[in-house]
Amino acid sequence: MPQAPRARLTVDLDALAHNHAVLKAEAQGAEVAPVVKSDGYGLGAGPVARRLHAEGARSFFVARLDEGETLRAELADREAQIYVLDGPAAGTLPRFAAARLTPVLTSLPQVAAASAWAVAHGGLEVMLHVDTGMNRQGLAPDEARALAQATDRLRGLDVAVVMSHLGSAADPADPRSAAQLEAFRAVRSLFAEARASLCASAGVFLGADYRFDMVRPGVSLYGGGPFDRPDPRIRAVATLTAPILDIRNLRPGDRLAYGRQYTADRPIRAAIVAAGYTDGVIRAANAGGYAWAGGARRPLLAVTMDVLAIDVGDAAIAVGDTVELLGPNALVDDQAAAAGTVAHEVLVRLSRRADRIYLGER
Ligand SMILES: *Cc1c(COP(=O)(O)O)cnc(C)c1O
């Protein structure tokens, strides 16, 4: 049966392994613990984590409890520690235990509940998240200090890792990172036995002071540059392609797609491509975004739900040719910048509609 034209997402796990090696080299001995939340940034937590496991990763982070349960099943009998960044909601510790997930405690009530549970069940290994200035999640430094001084409140708990998260690491010139580093040093010294973890992708590249014992990269494993812009060391992992359905010649003044998304100001040869925002091309990316076709960048003119249009000029491009919307020639950081967002969001919006192909599964 002939294939109907549709988008295809190729996930290159060899490129993922390459990026893992780059991060590992940069981390200089700190453990690289991949973040595979949000279904491995949209690329499939199972295949991603299995390949990273084959590359030597033994600790993984997810955001939600159910993501952790799914990942445990995906990893089946491979030995791995799975940390759940969301603090455990009341009553969920039995589920953590059943799936052998390590909770990341982010508030004093969670510490109290975890300690009570641990005393009744023979102990519990936890990670402690302390907020050092991002004001999103984590214990206040004063709360952490109070805990460290009243250790009966930690009864039953093995605080194996103390972590915090940087809010401005993508901009190396932002002084907030240095202030967070200083606050984190003070906090981690309170828990002398625990390992320490501060960095996501960007932080890994801020220098040795930031790396401590464990780093938690996400986006740079999946092809985003650590500083929200393309980085030649990082390879594209996700490649989204789609065929051209039609080529239309617009005259000056012709409008394309809905509303005022695009009005031709000169004669335009527009290729209509079989991918839309359902497939993960962000609608707002038409403002400066591009696709790769016929060996060059072609401006995105309009993105609708199922199809989009690009300006192919007078290039030798025809119906049926394949266009790259994301990948080694249409970089995720460029598409994100055009859409006013970050690579993380572009990746997690890659939908399940596109046909998926994995290269390099282990
Ligand atoms: C998402 C997340 C990460 C990974 O961030 P990237 O920018 O994708 O590398 C690391 N740590 C925490 C706490 C996170 O929420």
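Is Arg188 buried, partly exposed or exposed? In this predicted model, Arg188 has a relative accessibility of 23%, which makes it partly exposed. The views below start with this residue and then move on to other spots.

**View 1. Asp213 and Arg188 join in a salt bridge.** Look for the side chains of the two residues, where N and O lie 3.6 Å apart. Arg188 belongs to helix α8 (residues 176-188), while Asp213 sits in the loop between α9 (201-204) and β9 (214-215), so their pairing ties together parts that are 25 residues apart in sequence. Asp213 counts as partly exposed, at 30% relative accessibility.

**View 2. Glu55 pairs with Arg51.** Here the closest N and O atoms of the salt bridge are 2.9 Å apart. The two partners differ in how open they are: Arg51 is buried, with a relative accessible area of 5%, whereas Glu55 is partly exposed at 28%. Side chains of opposite charge can pair when their charged atoms come close.

**View 3. Asp265 and Arg266 form another salt bridge.** The N to O distance in this pair is 3.3 Å. Asp265 is exposed, with a relative accessible area of 60%, and Arg266 is partly exposed at 43%.

**View 4. Four residues share a network of salt bridges.** Find Glu26, Arg211, Asp231 and Arg233, which are linked in this network. The structure as a whole holds 23 salt bridges.

**View 5. Thr10 sits in strand β1 (residues 8-12).** With a relative accessibility of 17%, Thr10 counts as buried. Which residues does Thr10 contact, leaving aside its neighbours within four places in sequence? They are Val237, Ala238, Thr239, Ile357 and Leu359.

**View 6. Domain 1 (13-222) meets domain 2 (238-359).** The centres of domain 1 and domain 2, taken over C-alpha atoms, are 37 Å apart. Domain 1 brings 11 residues to the contact and domain 2 brings 10 residues. Between them the domains bury about 890 Å², with 61% of it on carbon and sulfur atoms. Tyr41, Leu43 and Val219 supply 47% of the area that domain 1 buries against domain 2, more than any other three residues.

**View 7. A closer look at the interface of domain 1 and domain 2 shows 1 salt bridge.** There are also 5 residue pairs in polar contact across this interface. On the side of domain 1 that touches domain 2, α1 (13-27) and α2 (37-41) each supply at least two residues. The largest share, 3 residues, comes from α2. By class, this side has 6 nonpolar, 3 polar and 2 charged residues.

Methods:
Residues numbered from 1 in each chain as written. Predicted model: local features only at pLDDT ≥ 70, side-chain atom pairs only at ≥ 80, totals over all residues. Heavy atoms only, no water. Buried < 20%, exposed > 50% of the residue type's maximum accessible area, 1.4 Å probe, protein only. Helix = DSSP H or I, 4+ residues; strand = E, 2+ residues; numbered from the N terminus. Contact = heavy atoms within 4.5 Å. Domains from an automatic or database assignment. Buried area = accessible area lost by both parts, 1.4 Å probe. Polar contact = N/O pair within 3.5 Å; in protein donor to acceptor, adjacent residues only side chain to side chain. Nonpolar A, V, L, I, M, F, W, Y, C, P; charged D, E, K, R; others polar.
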